[in-house]
Structure formats: structure tokens, C-alpha cells
Amino acid sequence: MINDKALFEFVEPYYVDKDIMHNMWHIELVQRTVNRILSQCSYIVDEECLRLATYFHGFIYRYEARIKQWMLEQNYDEEKVAKTLKIAWESQRSEIPETIEAKILHDAHVLEGGKTYLIVKTLITGSVRGQSLLDTLDYVEKNVLNQNKCYLPETIPLCEEMNIFTNDFFADLKDGIR
């Protein structure tokens, strides 16, 4: 069983220095989206591993060993640790998830905040990183448009709707400022 206090104390320092679209609020949004997906389907999942992976997905690529150490200190067995790490890794946007938990987390990450959120997140992230609007739009064209994919039958239509909306929005914005 997850000790929420210990989990928050462990993960919070890894999100403190992240930009405003990738901090603990981001984790809350992704977790809410995970919960929405779970409420709309009947998959049998390891909710504990899924929840832990949700909190770890934003820093697993740098601190996998620390995550593993912390989980072992919290008395998780090797199997639970391995499963959680696999979910967190498979959920990364660049990965193709295999486990149902990773598909849920991956899709929740893609769909967090709804169809308009990707636009907001991209524009804010570009601004926070010091990019001009034109630089951000160039980045979006090369790295964001039509790059989002979901893997669950329940989420694929939502992703398609988001991609269409995002493409239309950015095309309109680009036409309006260039």
C-alpha cells in the first residue's frame, strides 16, 4: 500500500526545478486523466504500480536507481519494483507501451488537460524556456503536430480529436502572424 506522505516527500524534490508545465501540478493532471480512463474502461490493472509510475514518469530517465532504492526502502518487492519501473519507462511519449498500465499512463500523459491543453502547454513551455513565439511555432511544426498517439481504444478518438484541433489552431495562428 502506498504511503502518500512518503511518496510525496520522495518525488517532490525532483519536480521542484522543472518548468511550470512539468511540476507536481502536471503529475496531478496526469493522475486525474489516469483516473478518468480507469473509470471508462474495465481493464484489470495493478493500480498501485500505475500510480507510482505516474509519479515517477517525469524523472525515471535520470534517477531510475534512486527510484528503485526508495521503493525497496518502502518494502516493495523486486517484482513490484520492476513492474513499476517498466510502466514508467514504457509510458514515455517516445516509447510504444506494451503493458496495459503503461498504455493507460502513456495515453493519460498525451491527453492530460483535454484537447486544448497541448496548445497551452506548448506555448507556455516555449515561453518559459525563452523561445520567441515563432521559435515555438517552428518547434511545434517539427516535433508536436501529428506526433501524439494513443494506444487504447477508449483514448484513440480523443487523441485524434486533439490532434485535429491542435493542427487547426496552429495553422490559424501561423497564418494570422506571418
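A helix crossing is called right-handed if the near helix is turned clockwise from the far one by less than a right angle. Keep that in mind for the first stop. One caution before you click: this is a predicted model.

**Stop 1: H2 and H6**

Select residues 24-39, which is helix H2, and residues 100-111, which is helix H6; their axes come within 8 Å and cross at roughly 120°. That angle makes H2 oblique to H6. Turn the view until one helix sits in front of the other, and you can check the handedness for yourself: the crossing of H2 and H6 is right-handed.

Now show side chains. On the H2 side, pick His-26, Val-30, Thr-33, Val-34, Ile-37 and Leu-38; they meet Ile-104, Leu-105, Asp-107, Ala-108, His-109 and Leu-111 of H6. Colour this H2 and H6 contact by class and you should get 8 nonpolar, 3 polar and 1 charged residues.

**Stop 2: Met-24**

Stay in helix H2 and pick Met-24. Is Met-24 buried or exposed? Its relative accessibility is 17%, so Met-24 counts as buried, the cut-off being under 20%. Who is around it? Setting aside neighbours within four places in sequence, Met-24 is in contact with Phe-8, Val-11, Glu-12, Tyr-15 and Tyr-55. For a distance check, draw a line from Met-24 to Glu-101: the two are 77 residues apart in sequence and 20 Å apart in space, C-alpha to C-alpha.

**Stop 3: the aromatic cluster**

Next, show the rings. The structure holds 13 aromatic pairs. One of them is Phe-59 with Tyr-63, a tilted pair at 6.5 Å centre to centre with 55° between the planes. Switch on the surface here: Phe-59 is buried at a relative accessible area of 2%, while Tyr-63 is partly exposed at 26%.

Then widen the selection to Phe-10, Tyr-14, Tyr-15, Phe-56, Phe-59, Tyr-63 and Trp-70, which ring pairs link into a cluster. Tyr-15 is a name you have met already, among the contacts of Met-24.

**Stop 4: H7 and H9**

Move on to helix H7 (residues 117-128) and helix H9 (residues 156-177), where the axes come within 9 Å and cross at roughly 50°. H7 is therefore oblique to H9. Which residues make the contact? Highlight Leu-118, Ile-119 and Leu-123 in H7, then Met-162, Phe-165, Thr-166, Phe-169 and Phe-170 in H9. By class, that H7 and H9 contact comes to 7 nonpolar, 1 polar and no charged residues.

Zoom in on two of those H9 residues, Phe-169 and Phe-170. Why is their ring pair edge-to-face? The ring centres of Phe-169 and Phe-170 are 5.8 Å apart and the planes stand at 80°, and an angle over 60 degrees counts as edge-to-face. Phe-169 is partly exposed, with a relative accessible area of 33%, whereas Phe-170 counts as buried at 5%.

**Stop 5: two asparagines in loops**

Finish with the backbone torsions. Asn-75 has a phi near 70°, a positive value in a residue other than glycine. Look for Asn-75 in the loop between helix H4 (60-73) and helix H5 (78-90); at 70% relative accessibility, Asn-75 counts as exposed.

Then jump to Asn-146, whose phi is near 60°, again positive in a residue other than glycine. Asn-146 sits in the loop between helix H8 (133-143) and H9, and its relative accessibility of 56% makes Asn-146 exposed.

How values were computed: Residues numbered from 1 in each chain as written. Heavy atoms only, no water. Phe/Tyr/Trp six-rings, centres within 6.5 Å; stacked < 30°, edge-to-face > 60°. Buried < 20%, exposed > 50% of the residue type's maximum accessible area, 1.4 Å probe, protein only. Axes fitted to C-alpha atoms, helices over the stretch in contact; angles between N-to-C directions. Helix = DSSP H or I, 4+ residues; strand = E, 2+ residues; numbered from the N terminus. Parallel < 35°, antiparallel > 145°, perpendicular 65-115°, else oblique. Contact = heavy atoms within 4.5 Å. Nonpolar A, V, L, I, M, F, W, Y, C, P; charged D, E, K, R; others polar.
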